Amino acid sequence: MAPIPKLCKSLEYLVDRWGPVEGRTRFMKLIYLADLEWARKHGNAPYTEANYYRWNHGPFSREVLRALEWMDGIELVASNIPWDGGNTFRYSSGESTRLSHVQLDPEFVNLLDNIGSRWGSRPLRELLEHVYGDATFTEKKFGEHLF
């Protein structure tokens, strides 16, 4: 069983529906935005099991990194893509799943679709400006829990 099933299923959904997802940073911000919107409507708690903190490069969650690592090679495939500034990851759909038993709330799926359609292929700079400009992020100090 997935260690963090709703988070893993949500990441799998994003890749399957809106992927491939270019970059770990983009992936982190997409799931963060969906959880943020959910939290605003549901008692300030994320839908997934992720905990988000204000970190060097925006909202950060160790759980997201753990989920991506656990899923790699099965539910999704992380490819290392070189570019001028170094390397990045491209996340594509995997060949199988261990998450078929996990059902996402339809309201959260709708949030994932809204976020994926709006931000999935926009320039990363625009996505980051949007995330970094939100009061939930700007009002917190480095290392503080976001919600």
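These are my notebook entries on the core and the salt bridges of a predicted model.

**Ground rules.** I number residues from 1 along each chain as its sequence is written. Because the model is predicted, I keep to pLDDT of at least 70 for local features and 80 or more for side-chain atom pairs, while totals for chains, interfaces and linings use all residues, and side-chain values use heavy atoms, without hydrogens and water.

**Core.** I looked up the largest nonpolar core (buried Ala, Val, Leu, Ile, Met, Phe, Trp, Tyr and Cys residues joined through side-chain atoms within 4.5 Å) and found 40 residues, with Phe 27 and Leu 11 among those that touch the most other members. Helix H2 (24-41) is one of the helices that each supply at least two residues, helices being DSSP runs of H or I with at least four residues, and H2 gives the most, with 10 residues. Leaving aside neighbours within four places in sequence, I noted that Phe 27 is in contact (heavy atoms within 4.5 Å) with partners including Leu 11, Val 21 and Tyr 91.

**Salt bridges.** I found 8 salt bridges, each a side-chain nitrogen of Lys or Arg within 4 Å of a carboxyl oxygen of Asp or Glu. Asp 134 and Arg 40 meet in one of them at 2.6 Å, N to O. Asp 134 lies in the loop between H5 and helix H6 (135-138) and Arg 40 in helix H2, so the pair ties together parts 94 residues apart in sequence. Asp 134 is buried at 19% relative accessible area, whereas Arg 40 is partly exposed at 44%; buried means under 20%, exposed over 50%, and partly exposed in between, with a 1.4 Å probe and protein chains only.
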